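Hello,

Here is the structure I promised to pass on. Please have a look at it first, and then read on for my notes.

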Amino acid sequence: MRACRAVCALVTVVLVTLTGCAGQDAREPRIVVTTDILGDVTRAVAGGQAEVTVLMKPGSDPHSFGVSAQEAALIEQADLVVHNGLGLEEGVLRNVRAAADAGVPTLAVAEGLDPLRLTGDGQLDPHFWTDPRRMAGAVDLIAEQVVAHVDGADPAAVRAAAGAYRTRVEQLDAWVAEQVATVPPAARKLVTNHHVFGYFAQRYGFEVVGAVIPSGTTLASPSASDLHALKQTVQRTQVKAIFADASQPDRLARALASEAGVRVEVVPLFSESLSVTPGATTYLDMVRSNTKAIVDGLNGR
């Protein structure tokens, strides 16, 4: 009798242990995404087949945001890490690299989309999302990696969700082209807070004539000679607007507009992050809002 009770107790312990292990193995697959723009797109691509954790909060600067110890652990435990790449997320690169070294699948989206060179310094430009056609390519890249690495995600469901979202991005691209067509080609000149709209310019026939911060990162600062050169550019090209990031202070852009001695409007854009307020709560909305702001600004509306 005593032996029987011992055997029963042992069986109970084994069953409890197995149940606990099964519970751990049955956790929902997780994708960790660094930026909120890619997070929005990845959620659409995953189609509910995996939990998508986005590290960057709306309104943040992707060049400078960091992660907590808890978020760093999520990166290391992910089934897939989706990040922009090309040095954009300067504050979390070491965490992404550590996860990759530990065997976590990672996808640097921008690196697979035929990146452009930044004006001036020749480095590769990470801001691919301003071109919806490239974002359509990003949808394909993300879907491939979700199917390949996220166990438990239904491949057919992921491909269907990705295909439906890709169609919406392609429709957005056509809409942007229609809006841009209302701007005379000679007026398609952009002055921005920093070099962030190179892909948009290439796609829709614009020329980036200058930036307040002559760099691809907001962590750089303009020199007095940079501002003087840009002042001359603004006067020479007679641009009607300077476009500043809505998530960044536009003091420098306003100072330049005042110093240039010409009538220049400072127009806010959602260039590197989504917003919590209407206008850029999704990637699709962000592109629509920016397009309208650019077209209206250059047409003097």
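A polar contact, as used here, is a pair of N or O atoms within 3.5 Å; within protein, one must be able to donate a hydrogen and the other to accept it, and residues adjacent in sequence count only if both atoms are side-chain atoms. By that rule the side chain of T42 reaches the backbone oxygen of L38 at 2.7 Å.

Two notes on how to read the numbers. This is a predicted model, in which local features need pLDDT of at least 70 and side-chain atom pairs count only at pLDDT 80 or more, while totals for chains, interfaces and linings use all residues. Residues are numbered from 1 along each chain as its sequence is written, and side-chain values use heavy atoms, with hydrogens and water left out.

Let me stay with T42 for a moment. This residue lies in helix 2 (residues 36-46); helices (H or I, at least four residues) and strands (E, at least two) are DSSP runs, numbered from the N terminus. T42 is buried, with a relative accessible area of 0%, where buried means under 20% relative accessible area, exposed over 50%, and partly exposed in between (1.4 Å probe, protein chains only). What is T42 in contact with, once its neighbours within four places in sequence are left aside? The list is I31, V33, V52, V82 and I142, contact meaning heavy atoms within 4.5 Å.

Next, the sheets. Four strands form an open sheet in the order 2-1-3-4, with parallel pairing; two strands pair if DSSP finds at least two bridges between them. Strands 2 and 4 are the edge strands, each pairing on one side only. On average, neighbouring strands of this sheet are turned by 20 degrees against each other, direction ignored (axes are lines fitted to C-alpha atoms, for helices over the stretch in contact, and angles run from 0 to 180 degrees between N-to-C directions). Strand 1 runs parallel to strand 3 (residues 80-83), and three bridges join them. V33 stands opposite V82 in strand 3, and both of these valines are among the contacts of T42.

Further along the chain, strand 7 (residues 241-245) has five of its five residues buried, so it is largely enclosed by the rest of the structure. Its two faces are both covered, with A241, F243 and D245 buried on one side and I242 and A244 on the other. Five bridges join strand 7 to strand 8 (residues 265-269), and the two run parallel. The bridge partner of F243 in strand 8 is V267.

Now the charged pairs. A search of the whole structure finds 11 salt bridges, a salt bridge being a side-chain nitrogen of Lys or Arg within 4 Å of a carboxyl oxygen of Asp or Glu. One of them joins E51 and R30 (3.5 Å, N to O). E51 lies in strand 2 (residues 51-54) and R30 in strand 1 (residues 30-33), so this pair ties together parts that are 21 residues apart in sequence. E51 is partly exposed, at 30% relative accessible area, whereas R30 is buried, at 17%.

Another salt bridge is made by R134 and D114 (3.9 Å, N to O). Since R134 lies in helix 5 (residues 132-149) and D114 in the loop between strand 4 (106-108) and helix 5, the pair ties together parts that are 20 residues apart in sequence. R134 is buried, with a relative accessible area of 10%, but D114 counts as exposed at 60%. Both belong to a network of salt bridges that links D114, D131, R134, D173 and R203.

D131 has a second role to look at: at the start of helix 5, one of its side-chain oxygens reaches to within 2.9 Å of the backbone nitrogen of R133. The buried residues of helix 5 include M135, V139, I142 and V146, and I142 is one of the contacts of T42.

Finally, E71 is found in helix 3 (residues 69-77) and is buried, with a relative accessible area of 18%. The side chain of E71 reaches the backbone nitrogen of S68 at 2.9 Å. Leaving aside neighbours within four places in sequence, E71 is in contact with L55, K57 and G66.

Best wishes
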